[in-house]
Structures are given as structure tokens and as C-alpha cells.
Amino acid sequence: RNFYFMEKVNISLIGVGRMGQFHLNVINQINSINLSGIYDADEKHLNEISSKYNLNSFKSLDEAIDKCDAVIIASPTKFHFDIAKKSVQKGKHVLVEKPMTENFIQAEELEAIVKEKNIIFQVGHVERFNGAVQELHHIIENPYLIEARRLAPFTPRITDVGVVFDIMIHDLDIVTSLVKKPLIRFSASGKRIKTKNEDIASALLEFEGNTIATINASRVTQEKIRTLAISSEEAHFILDYATQDITIHRQAASQSKIKTSIGINYTQESIIERVFIHRDNPLKLEDEHFANCILGKDKKLVSIEDDVRTIKLTEDILNKIKETW
């Protein structure tokens, strides 16, 4: 059956924990998606969610995969590879939450099967669909210093991966896609604070040309901060992920003197601009993009090669951190 003539994509949602329920909330608002049903390995939880939202639930993983055109995988990271591989081998389109797999070897294997099957495969890097991030791609040229900070308070919910695969991966993905030049070298360090994995991490990346990026990630910081600051010759850009705002700071071409009525002189040394950004729910945009790619209405934003490269870099950084333990 040629899927380009479908009106809606029948999607099974696999994993209805915290992230899976976020997907559930947005799927209802997307016209191009029909939710075939949900599946979760925890039967009690599955029954609770299906009765709460009056949804069809599948008895097994195989049934969930068989009775749809595509799957959204929101299970814990350690199951991503097996579920995605099984889905792709059955010819289903896949959106898998980030990180796509636990390691680079799995990511490479998945890439080979995806290419052989010729299906739509998307990794759930939700920040790519943040309006401010999309705008940045239009306005940034030749950045030379990038500082990414993604800090959050501790929550016991994620214990299977450390902060590098859980949080830092977002910024690694965004920074490498903004720079668009090969990475020459990097250094990294991290520490365990509250869990058996690294809870804080810092990476310094050097790219071909003159670009340096520092990326700091923490899941044990009392305040939630998610910012990206970029310096280029033209200006200094500050992006706030939470508010989806971009401010641009430039030096004034000539320092203009401003004299007030009471005779005090002020010097305007810089100009600050705010970029108007159309704000929408990034997760909704991500799921909609997935469906539209399947329907042939949209072109994929990111190739699987880029996703595999992100996993490789993330794993390399984690290994570098572990060397110091």
C-alpha cells in the first residue's frame, strides 16, 4: 500500500510513563494522526491509562507494532533499541525518544536496517522544534563562542542514565547542527552527586575554523536554567529555551550621547533587540512533523546519519568522563 495517499497515520504509542503521557496529550490535537492504541510493559499502569483516557490498549508489544503504520517509542532508554529494531524490521515508521539507543554500536546497527527498509525514522529531540532554535538557524552565521547551560533540580525519576545522555545530548545535537563544521577535539569532566551515574558534566568542544563551545549540564541544581549564548562578529545572541526568547546584543555603531533635561549625560554603548518568535508546543510540532513526513507532506529535518553522530559524540564524552573516575 502506498502511504502517500493516506489521510491519517495510524500510530501506536509504546510506553505511557511521564514522556508517553506528554505525547498522548499532543496527539489528540493533531489531525494527521489516528491513535491505534497504547502499550506499556507495566500492565497495571497500562490499564489505568487506557481507562482514564478511554483508549485502546494492546496485549503485547508485537500486537502494538503489527496494528499500526508507525510507532512512537517512549519507553525507558534501555528498551529503545530492541523496540525500534523490531518495528523497523516489520516495515513500520518510527519516532523514538532521545537518546535513540544506549550506545553507538546499537545506533549504527539501527541505521543500517532503517536504510535497508526505507522508512521514516525520527529521534525525539524536542528542542529542535523549539521556535527559538528554529529561528537561530536562520540568523546565526560563523559563531565563534557558544555557551550552553542546561541545569535542573534533582528528580529521582531518571536513574538508568546519567546527565550526559539524559540532558546534555540536547545541546550536543543543537550546537553541532548550528556550527556545521567538523569537530576537531573535545575534553570533558563530570561527577556523581546523588546517583550512581554522573549528575553534573561539562564539555569543551573545538570545531574546525574558530568555533569553541562549552556545554554544562546538571540535574542537581536548585534552579532550572536552559540557555544558549552565541557570540559571532555581528552580535551576541542569547536564547532562553523555556520562554522561547532570543535577545540580540550589539555594540552601538557610534556611542551616542544622550543629554537629559536635568543635564546628566548618558552614553548608549549597546543596542538590544528581541526577536519575535511564533511559539507553539514543540512536542506537538515534533509529532506532527513525523506524521507529515510519513504522509509525504514534509521533508525530514535531520538525517539518521546526524542522529548517529550525536550518539557517538555523547558516548565519547561519557567515556572521557568515566576515565577520570
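1. A cavity here is a set of grid points where a 1.4 Å probe fits but cannot get out, and its lining residues have an atom within 4 Å of a point. Keep in mind that we're looking at a predicted model. By that definition, Gln122, Val123, Arg128, Phe129, His289, Lys300, Leu301, Val302 and Asp307 line the largest cavity.

2. How much space lies in the largest cavity? About 40 Å³. Searching the whole structure turns up one cavity of 30 Å³ or more. As for chemistry, the lining of the largest cavity splits into four nonpolar, two polar and three charged residues.

3. Now the second largest pocket, which holds about 560 Å³ of space. It has 21 lining residues, and the closest to its centre are Asp173, Thr176, Ser177, Val302 and Asp306. If Val302 rings a bell, that's fair: Val302 is also on the list for the largest cavity.

4. Which helices supply at least two residues each to the lining of the second largest pocket? They are α6 (131-139), α7 (163-179) and α9 (304-323). The largest share comes from α9, with five residues. By class, this lining has eight nonpolar, six polar and seven charged residues.

5. Helix α8 deserves its own point. It covers residues 282-294, 13 in total, and runs 19 Å from its first C-alpha to its last, close to the expected 18 Å. At the N-terminal end, Asn281 acts as a cap, with a side-chain oxygen 2.8 Å from the backbone nitrogen of Leu283. Just past the helix, Gly296 has a positive phi of about 80°.

6. Is α8 mostly covered or mostly open? Mostly covered, with 11 of its 13 residues buried. The buried set isn't just greasy side chains: Lys284, Glu286 and Asp287 are in there, including alongside them Leu283, Phe290 and Ile294. His289, one of the cavity-lining residues, is buried as well.

7. What do the buried residues of α8 pack against? The partners are β1 (9-14), α1 (18-27), β2 (33-39), β3 (70-73), β4 (93-97) and β5 (121-124).

8. Ile33 gives a close-up of that packing. This residue sits in strand β2, and it counts as buried because its relative accessible area is 6%, with the cut-off at under 20%. Leaving out residues up to four places away in sequence, Ile33 touches Lys8, Val9, Ile11, Ile27, Asp287 and Ala291. Two of those contacts, Asp287 and Ala291, are on the buried list for α8. Ile11 is 22 residues away from Ile33 along the chain, yet their C-alpha atoms are separated by 6.8 Å.

Conventions. Residues are numbered from 1 along each chain as its sequence is written. This is a predicted model: local features need pLDDT of at least 70, side-chain atom pairs count only at pLDDT 80 or more; totals for chains, interfaces and linings use all residues. Side-chain values use heavy atoms; hydrogens and water are left out. On a 1 Å grid over the protein atoms alone, a cavity is a set of points where a 1.4 Å probe fits but cannot get out, and a pocket is an open set with protein on both sides within 12 Å along at least five of seven lines; lining residues have an atom within 4 Å of a point. Grid points are joined across faces, edges and corners, and a volume is the space filled by probe spheres set on the points. Helices (H or I, at least four residues) and strands (E, at least two) are DSSP runs, numbered from the N terminus. Ala, Val, Leu, Ile, Met, Phe, Trp, Tyr, Cys and Pro count as nonpolar, Asp, Glu, Lys and Arg as charged, and the others, Gly among them, as polar. The expected span of a helix is 1.5 Å times one less than its number of residues. Buried means under 20% relative accessible area, exposed over 50%, partly exposed in between (1.4 Å probe, protein chains only). Contact means heavy atoms within 4.5 Å. A polar contact is a pair of N or O atoms within 3.5 Å; within protein, one must be able to donate a hydrogen and the other to accept it, and residues adjacent in sequence count only if both atoms are side-chain atoms.
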